[in-house]
Protein chains: 2
Amino acid sequence: MFITNKPEAPLYIKVHADDNVAIIVNAGGLAGGTVFPCGLELIEHVPQGHKVALSDLNEGESIIRYGEVIGYAIRPIARGSWIDESLVVMPAAPELDELPIANKVPELLESLTGYTFEGYRNDNGTVATKNMLGINTSVQCVAGVVDYAVKKIKAEILPKYPNVDDVVALNHNYGCGVAINAPQAIVPIRTLQNLAVHPNFGGEMMIVGLGCEKLLPEQVIPGFDKSNILSLQEEKGFIKMVQAIMAMAEERLIKLNERRRVTCPVSDLVVGMQCGGSDAFSGVTANPAVGYATDLLVRAGATVMFSEVTEVRDAIHLLTPRAVDEGVGRALIREMKYYDHYLDLGEVDRSANTAPGNKKGGLANIVEKALGSIAKSGSSPISGVLAPGEKAAQKGLLYAATPASDFICGTLQLASGMHVQVFTTGRGTPYGLAMAPVIKVSTRNALTEQWADLIDVNAGQIATGEATIEEVGWEIFRLIIEVASGHKKTWADHWGIYNDLCLFNPAPVT
Amino acid sequence: MFITNKPEAPLYIKVHADDNVAIIVNAGGLAGGTVFPCGLELIEHVPQGHKVALSDLNEGESIIRYGEVIGYAIRPIARGSWIDESLVVMPAAPELDELPIANKVPELLESLTGYTFEGYRNDNGTVATKNMLGINTSVQCVAGVVDYAVKKIKAEILPKYPNVDDVVALNHNYGCGVAINAPQAIVPIRTLQNLAVHPNFGGEMMIVGLGCEKLLPEQVIPGFDKSNILSLQEEKGFIKMVQAIMAMAEERLIKLNERRRVTCPVSDLVVGMQCGGSDAFSGVTANPAVGYATDLLVRAGATVMFSEVTEVRDAIHLLTPRAVDEGVGRALIREMKYYDHYLDLGEVDRSANTAPGNKKGGLANIVEKALGSIAKSGSSPISGVLAPGEKAAQKGLLYAATPASDFICGTLQLASGMHVQVFTTGRGTPYGLAMAPVIKVSTRNALTEQWADLIDVNAGQIATGEATIEEVGWEIFRLIIEVASGHKKTWADHWGIYNDLCLFNPAPVT
């Protein structure tokens, strides 16, 4: 990566030697007539994060960023021009039946030893980063009653158990009024099953059901003892329902309160990587820094997931070669095909992903967005693939196939067992999850300054040359350990701002 | 309807003269050997709400309830047997291209005059049954911040404005991470647009957006003045975001606090009818009583909606004849076809509707459930059809096409402008909506007794002969007026138990 290292001077970032475009770093963009040290002169205003042509481009000529074709010039474009998204014809998505598989498996990086965190150790060997009571629900009908009860528990009971961090109602939009026997129903059901046994709940589970729903409470945790299930239709009215939930919750709070943090190896951690509200800096500052942290975690033996199908679809040809073997490569392709088909049924394709804010931030299309998005995966071999909501059962770098929707991706990564999430944002989003801490990484200095009480890590300094990708990568890695240990609170946890769970249900509602 | 009118004696209900089955009324069911006054003897135990054969049935013979074929006998069934759902072969759904239309339009019932309620009159002529501040959101990203702000508003500001009933955050799972240009995206977008201008918000709207989302805040309320929109990405951090939301909310609370109830004709009301957690009594007690109230409301000039596509699909041949004209009949068929296609894409059909609790309650299949469900529509002509989330713009009985999922149906009826909802339940569900009062009607005496602090009206007495359909219908009608006037609180409003909004999004997520 080339960075002209003078904060006061006009700056652009060119990522790869082959690139014929670069993005403007300076806040507010740069005016026409600006001359860069290399001699490039802007022939018009180019906004921050947007692309400038580094050479004259003919009509139809490839526009290259990250060393990859992100589109074709719709008309001749002169050197120094602003390449607005309207000038970029989007290429077709990579053909899924012709991808090279496992032909460039990266060498494993040197292993990192000696890194530990302070976590809770569960009876089944898993670890936890928070000590929480999770109140599962089998159906949305019970949500109003559960919310009422949780409010009372937090006010009247939780203060008696200071070692417990929180009580979380796992409300969701599933359980009844859905086609529970549809082939795709497996996705939301598996998700709820895996959320219910999230390690942060310490094995002290309970379920509130209604009594006539399609998703039986005993399906939520197969083999679960019935004494841990409350069925509201069996209770004598509302007050008794609330009392029953509170009593069952307190039994569990007593046990959870006994838990203490112990030293655990970083290899026990499951970390999820996600981006939301991306801009053109995402792929050059925050995501590469997260990618560096991904490599550090993999080197330390941890499990790391990256996700978001529509944001890897156009870069899949760069991922299948990194699959450790043919099976993993095929699984990557299987998940891409699954989502192609899903979008096709709704008469759209992966280009439905980009938001107006992405484009305002300089991203011309989903191809450019995807190339920046996969930087979160670092440079390690891809050792496994999870279908939406499947639990992670191995170490190393995993591709957890999820929609790119922040809340669905977050929910599915939690179902996969995520202990900490790292979330990069360029435009800025006040994202938070109740079940696991979320570390928010900003792609730009300006956002970090503006949202000083929401952003946890500033990767913007990479663009201005004040920090390197490696430095910010290490900062993220160390912060993951501190947050996982409970030594530091993320801003989302500090304020207690949490988004609801959001299931991925590709099956119909009834 | 034939009811053996001795509370201590064995009771069954036969709905129609042609029926060859009846349902058992007695709590706990009746034992084999029980003899009814008519001479029928049970040859085995039949649970409450379940069907008994009134005559010998041959294999393949039609099983008739409500005067309609609800299925075919899978094997010979002797008189006095329990007809469990496993004995009932489900018929095909009515063929949609061969339906009679507008050929049996009911005569309008005598109009009811002089009925009024105390409501809030809005500047645009609509009325309101509650006086609430609605905080709209354009995207799910802002939910955590809005929830935080609403909590503070309720604690610190709302008490200063005693004429305002509540502050409601209209959080939802839409706005970004969705295929906003998919053909079906019109459904969730229209729903949010119509929810935003719900009459109970008194025209004092505000929107909290993020800044980079796909659903632009100005799309939520087209033509809305930008001064009513907060964009979190323009705020300097979390504390400023919360302060800005609180300040904008207080400006509106000051105005809302000036509103006073005035006398309004019942013809200004829009009432939604729904059922959830149905049993075999639904179609003979609560739903017919609601149907009677529907007729009273229509006679008084109000707007009444019934809904739930999968619960009218198998009774559509009884509805198209009641359409006031060819156009309304065709619109009914259009909505059935729409949903057939939607379910087909997910590889299921309307039979995906019935829940285990429905079957436990005596409903053999969706045909029997649908025949009971449409009783809510009473006996008036069907004068209009709304596609999912469309606003009601006419008086009389409307079919508002929605999924049967309680929460999606409730959200869509709210989008259609519903002021009060009447919700019947047999199995029991603690359902509530924040935006409009919900009157819960029980189908059974036992449920009413068990959930005395949740059920508002007991229709169970119809089965035991203690009340008539007409009496309970009038009770519901009068309660709608009292609740709409704020003179009486529903149990859900008393406890403040509310389910979240739940959008119908037939388009893909990205």
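Buried means under 20% relative accessible area, exposed means over 50%, and partly exposed lies in between. The model worked on here is predicted.

**Exercise 1. Classify the two partners of the salt bridge between Arg334(A) and Glu335(A).**

Step 1. Find the pair. The closest N and O atoms of Arg334(A) and Glu335(A) are 2.8 Å apart.

Step 2. Take the arginine. Arg334(A) has 42% relative accessibility, so it counts as partly exposed.

Step 3. Take the glutamate. Glu335(A) has 4% relative accessibility and therefore counts as buried.

**Exercise 2. Place the salt bridge of Lys130(A) and Asp493(A) in the chain.**

Step 1. Start with the general point. Side chains of opposite charge can pair when their charged atoms come close.

Step 2. Read the distance. The side chains of Lys130(A) and Asp493(A) meet at 2.8 Å, N to O.

Step 3. Locate both ends. Lys130(A) sits in the loop between strand E10 (127-128) and strand E11 (132-137) of chain A. Asp493(A) belongs to helix H13 (residues 491-495) of chain A. The two are 363 residues apart, so the pair links distant parts of the chain.

Step 4. Check the accessibility. Lys130(A) is buried at 10%. Asp493(A) is buried too, at 12%.

**Exercise 3. Do the same for Arg350(B) and Asp314(B).**

Step 1. Read the distance. This salt bridge spans 2.8 Å, N to O.

Step 2. Locate both ends. Arg350(B) is in the loop between H7 and H8 of chain B, and Asp314(B) is in the loop between E17 and H6 of chain B. The pair therefore ties together parts that are 36 residues apart in sequence.

Step 3. Check the accessibility. Arg350(B) is buried, with a relative accessible area of 9%. Asp314(B) is buried at 3%.

Step 4. Set the pair in context. Over all chains, the whole structure has 38 salt bridges.

**Exercise 4. Describe helix H9 of chain A and its start.**

Step 1. Test the cover. H9 (residues 366-373) is mostly covered, with eight of its eight residues buried.

Step 2. Pick out charged members. Glu368(A) and Lys369(A) are among the buried residues.

Step 3. Follow Glu368(A). A network of salt bridges links Glu368(A) with Lys51(A) and Arg65(A).

Step 4. Look at the start of the helix. A side-chain oxygen of Asn365(A) comes within 3.0 Å of the backbone nitrogen of Val367(A).

**Exercise 5. Work out the surroundings of Lys376(A).**

Step 1. Place the residue. Lys376(A) is in the loop between H9 and strand E18 (382-386) of chain A.

Step 2. Check the accessibility. Lys376(A) is buried, with a relative accessible area of 1%.

Step 3. List neighbours. Leaving out residues up to four places away in sequence, Lys376(A) touches several residues, including Met273(A), Cys275(A), Asn287(A) and Thr424(A).

Step 4. Find the polar partner. The side chains of Lys376(A) and Glu308(A) make a polar contact at 3.3 Å.

**Exercise 6. Examine the positive phi values of Tyr66(A) and Glu308(B).**

Step 1. Take the tyrosine. Tyr66(A) is not a glycine, yet its phi is about 55°. Tyr66(A) lies in the loop between strand E5 (62-65) and strand E6 (68-73) of chain A. It is buried, at 13% relative accessible area.

Step 2. Take the glutamate. Glu308(B) is not a glycine either, and its phi is about 70°. Glu308(B) lies in the loop between strand E17 (303-306) and helix H6 (316-319) of chain B. It is buried at 0% relative accessibility.

**Exercise 7. Characterise the interface of chain B and chain A.**

Step 1. Count residues. Chain B gives 69 residues to the contact and chain A gives 70.

Step 2. Give the area. About 5,200 Å² is buried, with carbon and sulfur atoms giving 62%.

Step 3. Count the pairs. There are zero salt bridges across the interface. Polar contacts join 32 residue pairs, both members at pLDDT 80 or more.

Step 4. Name the elements. On chain B, the helices that each supply at least two residues include H1 (143-157), H4 (238-256) and H7 (326-345).

Step 5. Sort by class. The chain B side has 38 nonpolar, 19 polar and twelve charged residues.

**Exercise 8. Identify the symmetry that relates chain B to chain A.**

Step 1. Superpose. A turn of 180° and a shift of 0.0 Å along the axis lay chain B on chain A with an RMSD of 0.0 Å.

Step 2. Name the relation. That is a two-fold axis.

Step 3. Locate the axis. In chain B, the C-alpha of Leu345(B) is nearest to it, at 3.6 Å.

Step 4. Compare the surfaces. The same surface serves both copies, as 100% of the contact residues of chain B recur in chain A.

Note on methods:
Residues are numbered from 1 along each chain as its sequence is written. Chains are lettered from A and ligands numbered from 1 in the order in which they are written. Side-chain values use heavy atoms; hydrogens and water are left out. Buried means under 20% relative accessible area, exposed over 50%, partly exposed in between (1.4 Å probe, protein chains only). Helices (H or I, at least four residues) and strands (E, at least two) are DSSP runs, numbered from the N terminus. A polar contact is a pair of N or O atoms within 3.5 Å; within protein, one must be able to donate a hydrogen and the other to accept it, and residues adjacent in sequence count only if both atoms are side-chain atoms. Contact means heavy atoms within 4.5 Å. Buried area is the accessible area (1.4 Å probe) that two parts lose on being put together, summed over both. A salt bridge is a side-chain nitrogen of Lys or Arg within 4 Å of a carboxyl oxygen of Asp or Glu. Ala, Val, Leu, Ile, Met, Phe, Trp, Tyr, Cys and Pro count as nonpolar, Asp, Glu, Lys and Arg as charged, and the others, Gly among them, as polar. Copies are superposed by least squares on the C-alpha atoms of residues with pLDDT of at least 70 in both.
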